[in-house]
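Biologist: Please take a close look at one part of this model, the nonpolar core, and describe how the strands around it are arranged.

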Amino acid sequence: MATGTAPLSPAARDYHTAQTHFVSKSVAFNTVVSGSSVVVGTIPANSIILRAIAVITTPFNADSTNTISVGTLASSVALISSANATTAGVVTTTLISTAASAVIFPTTELIITARFGQTGAVASAGAAQIVVEYARLLG
């Protein structure tokens, strides 16, 4: 799993058997400054991202806009782009596509991030569980 670079924090996961993997993180209205990102986890090189899921467990209640985005350091909306977070439920994005340009296939370790966006009076409630599923390509 060594890439010749300093280890990322948190370290990418790579198990010895062929299986799908995931990284996850809980995000709440008071754990992320609006518009800033938190690290969900690190995807190892030579993997393919299968799906990104945001489970809104407690609706966010800022006055005007409440959104959840999931992405990378390069693009904070690469996986889930500003999804509505005012209703409890599941927001999911399946990333496998027949279009080669839509497939996210990191050649180096990739840090996954999540962020909460709000406008109007600040939120006093809201929580979500972020899950990004990936498969390590063997070969």
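**The core and its strands**

Modeller: I start with one residue of this predicted model. Tyr134 has a relative accessible area of 0%, and because buried means under 20%, Tyr134 counts as buried. Tyr134 is found in strand 8. Leu50 lies 84 residues away from Tyr134 along the chain, yet the C-alpha atoms of the two are separated by 5.0 Å.

Next comes the core itself. The largest nonpolar core has 28 residues, and those touching the most other members are Ile43, Ile68, Val70, Ile112, Ile130 and Val132. At least two residues of this core come from each of strand 1 (20-28), strand 2 (37-43), strand 3 (47-58), strand 4 (65-72), strand 5 (80-84), strand 7 (110-119) and strand 8 (127-136).

Ile130 can be followed in detail. Leaving aside residues up to four places away in sequence, Ile130 touches Val23, Ser24, Lys25 and Val27. The list of its contacts goes on with Val40, Ile53, Ala54, Ile68, Val70 and Ala114. Two of these, Ile68 and Val70, are also among the core residues that touch the most other members.

Now the strand pairing. An open sheet is formed by 4 strands in the order 2-7-4-5, with antiparallel pairing. Strand 2 and strand 5 are the edge strands, each pairing on one side only. On average, neighbouring strands of this sheet are turned by 20° against each other, direction ignored. In general, strands of a sheet pair through backbone hydrogen bonds, either parallel or antiparallel.

Within this sheet, strand 2 and strand 7 pair in the antiparallel sense over 6 bridges. Gly41 stands opposite Ile112 in strand 7. Ile112 is also one of the core residues that touch the most other members.

The whole chain gives the setting. The protein chain has 0 helices and 8 strands, and its pattern along the sequence reads β-β-β-β-β-β-β-β. Of its 139 residues, 38% are buried. Among contacts with a separation of 6 or more, 81% are between residues 24 or more positions apart; the contact list of Ile130 includes Val23 and Val40. The accessible surface of the protein chain comes to about 7,100 Å², and carbon and sulfur atoms account for 57% of that surface.

Key. Residues numbered from 1 in each chain as written. Predicted model: local features only at pLDDT ≥ 70, side-chain atom pairs only at ≥ 80, totals over all residues. Heavy atoms only, no water. Core = buried A, V, L, I, M, F, W, Y, C linked by side-chain atoms within 4.5 Å. Buried < 20%, exposed > 50% of the residue type's maximum accessible area, 1.4 Å probe, protein only. Contact = heavy atoms within 4.5 Å. Areas by Shrake-Rupley, 256 points an atom, 1.4 Å probe, with all protein chains shown as cover. Pairing = 2+ DSSP bridges. Axes fitted to C-alpha atoms, helices over the stretch in contact; angles between N-to-C directions.
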